[in-house]
Amino acid sequence: MSGLVLHPHGAAALPEERMAEQNLRPTSAIIEALTRLDPAPLTTPRPAHLRVVGTCRHFATLSCALLRLRGVPARARCGFAAY
């Protein structure tokens, strides 16, 4: 997922309107945003400016969805950060 999602702290050089990507919720919306930025297969890591801006939730749900796509039983878990 590190080649697909960019944490907001690393996205300072991106246009402000891209910060709204961190509010995407459904995995389908995250994938749609990714392929709009770069139509390459999801197995292709993207440079930072072509990754979707997301939080740990995006990393977890996208990982879970891609594992399930491959037939691997997976479940996203929620945790709490100090921020």
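A residue is called buried here when its relative accessible area is under 20%, and exposed when that area is over 50%. In this predicted model, 33% of the 83 residues of the protein count as buried.

The protein has two helices and two strands, and from the N terminus on these elements follow the order β-α-β-α. Its radius of gyration is 13 Å, close to the 12 Å that the globule rule gives for 83 residues, so the protein is as compact as a globular protein of that length. The C-alpha trace spans about 35 × 35 × 20 Å along the principal axes. Among contacts between residues at least 6 apart in sequence, 68% join residues at least 24 apart.

Helix α1 shows how burial is arranged along one element. Its buried residues are Thr-27, Ile-30, Ala-33 and Leu-34, and, seen down the axis of α1, they fall within an arc of 125 degrees, so they line one face of the helix. These buried residues pack against β2 (52-53) and α2, whereas the face of α1 turned away from the buried side carries the exposed residues Ser-28, Glu-32 and Arg-36.

The axes of α1 (residues 27-37) and α2 (residues 56-69) come within 10 Å and cross at roughly 95 degrees, which makes α1 roughly perpendicular to α2. The residues that make this contact are listed by helix below.

| Helix | Residues in the contact |
|---|---|
| α1 | Thr-27, Ile-30, Ile-31 and Leu-34 |
| α2 | His-58, Thr-61, Leu-62 and Ala-65 |

By character, the residues of the contact of α1 with α2 divide into five nonpolar and three polar, with no charged residue among them.

Conventions:
Residues are numbered from 1 along each chain as its sequence is written. This is a predicted model: local features need pLDDT of at least 70, side-chain atom pairs count only at pLDDT 80 or more; totals for chains, interfaces and linings use all residues. Side-chain values use heavy atoms; hydrogens and water are left out. Axes are lines fitted to C-alpha atoms, for helices over the stretch in contact, and angles run from 0 to 180 degrees between N-to-C directions. Helices (H or I, at least four residues) and strands (E, at least two) are DSSP runs, numbered from the N terminus. Angles under 35 degrees count as roughly parallel, over 145 as roughly antiparallel, 65 to 115 as roughly perpendicular and the rest as oblique. Contact means heavy atoms within 4.5 Å. Ala, Val, Leu, Ile, Met, Phe, Trp, Tyr, Cys and Pro count as nonpolar, Asp, Glu, Lys and Arg as charged, and the others, Gly among them, as polar. Buried means under 20% relative accessible area, exposed over 50%, partly exposed in between (1.4 Å probe, protein chains only). The arc is that of the directions from the helix axis to the C-beta atoms. The radius of gyration is taken over C-alpha atoms; the globule rule is 2.2 Å times the number of residues to the power 0.38.
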